[in-house]
Amino acid sequence: GKPLAGATVVINYMGGYEHVTKTGDDGRYEAPDVKNARGFVAVHPDYAIDDESLGFMASSNGPKLNRTLVAGTQIKGKVVGADGQTPAAKAIVSVDGWPLGSTGDDGTFTIEHATPKWKMLTARKDALLGQRATAAGESQTLRLAKGATVTGRVLDSKTKLPVAGAIVR
């Protein structure tokens, strides 16, 4: 409940513009044109990331700009190769798309401040990928495999013309 200094705050706007700032000693920050904001992210190394950028739409009064960061939850686990046994050293481990750690030489990892209601845990090493959805248990194991290639087209629903620059997730 105390002011948090040194948090990075990113306000996203329509059209791809974003404003990046840091909180001062009093936990305050400033951002322009907040009534037109469409997303909010707050990042601090000692807390879980507060990310409301996907699918977030501002109300007529603008987005909720005062936030309380939480310590989050710890996630421990191991990343192994396709054989299910060989440790995968130096794999990047992400939680809900945020790269938050990497594996040691023995393939183990610990994420100290994950969002309490995380949905997807991902490990990447070279061209290999492993994922798992939220699962009960103290340790998470991810098995790496060759990633799939996905192809397709994004079209305007009315004109049926291709849409350049679309982001596909």
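1. A good place to start is the pair Arg-28 and Asp-26, which form a salt bridge whose closest N and O atoms are 3.8 Å apart. Please keep in mind that this is a predicted model. Arg-28 is exposed, with a relative accessible area of 63%, whereas Asp-26 is partly exposed at 45%. The cut-off for a salt bridge is a nitrogen-to-oxygen distance within 4 Å, and the 3.8 Å of this pair satisfies that condition.

2. How many salt bridges does a search of the whole structure find? The search returns four, and the pair of Arg-28 and Asp-26 is one of the salt bridges in the model. The next points take up some others.

3. Arg-67 and Asp-50 also meet through their side chains, with 3.1 Å from N to O. Asp-50 belongs to strand β4 (50–51) and Arg-67 to the loop between β4 and β5 (73–80), so this salt bridge ties together parts that are 17 residues apart in sequence. Are these two residues buried or exposed? Arg-67 counts as buried, with a relative accessibility of 18%, and Asp-50 counts as buried too, at 16%. Both calls rest on the limit of under 20% for a buried residue.

4. Lys-90 and Asp-105 make a further salt bridge between their side chains, at 3.1 Å from N to O. This pair links distant parts of the chain: Lys-90 sits in the loop between β5 and β6, and Asp-105 in the loop between β7 and β8 (108–114), 15 residues apart. Both Lys-90 and Asp-105 are exposed. There is also a network to look at, in which salt bridges with shared partners join Asp-50, Glu-52 and Arg-67.

5. Now for the sheet. Five strands make up an open sheet with antiparallel pairing, and their order is β7-β6-β9-β10-β12. Which strands lie at the edges? They are β7 (98–102) and β12, each of which pairs on one side only.

6. Within this sheet, β9 (residues 120–125) and β10 (residues 128–133) pair in the antiparallel sense over six bridges. If you would like a residue to check on screen, Met-120 has Ala-133 in β10 as its bridge partner. The two strands form a hairpin with two residues between them. In the turn, Asp-126 has a positive phi of about 55 degrees, which is a handy spot for a look at the backbone.

7. On the other side of β9 comes β6 (residues 92–95), which runs antiparallel to β9 and is joined to it by four bridges. Here the bridge partner of Val-95 is Leu-121 in β9. Strand β10, for its part, is joined to β12 (residues 145–146) by two bridges, and these strands run antiparallel as well. Leu-129 stands opposite Ala-145 in β12.

8. Finally, the surface. Which residues make a nonpolar surface patch of about 240 Å²? The patch consists of Val-154, Val-163 and Val-168. Val-163 is placed in the segment after β12, and it is partly exposed, with a relative accessible area of 38%. Membership of a patch calls for over 30% relative accessible area, and the 38% of Val-163 meets that condition.

Conventions
Residues are numbered from 1 along each chain as its sequence is written. This is a predicted model: local features need pLDDT of at least 70, side-chain atom pairs count only at pLDDT 80 or more; totals for chains, interfaces and linings use all residues. Side-chain values use heavy atoms; hydrogens and water are left out. Two strands pair if DSSP finds at least two bridges between them. Patches are made of residues with over 30% relative accessible area and no salt bridge: like charges are joined within 9 Å, nonpolar side chains (Val, Leu, Ile, Met, Phe, Trp, Tyr) within 5 Å. Accessible areas come from the Shrake-Rupley method with a 1.4 Å probe; for residues, only the protein chains shown count as cover. Buried means under 20% relative accessible area, exposed over 50%, partly exposed in between (1.4 Å probe, protein chains only).
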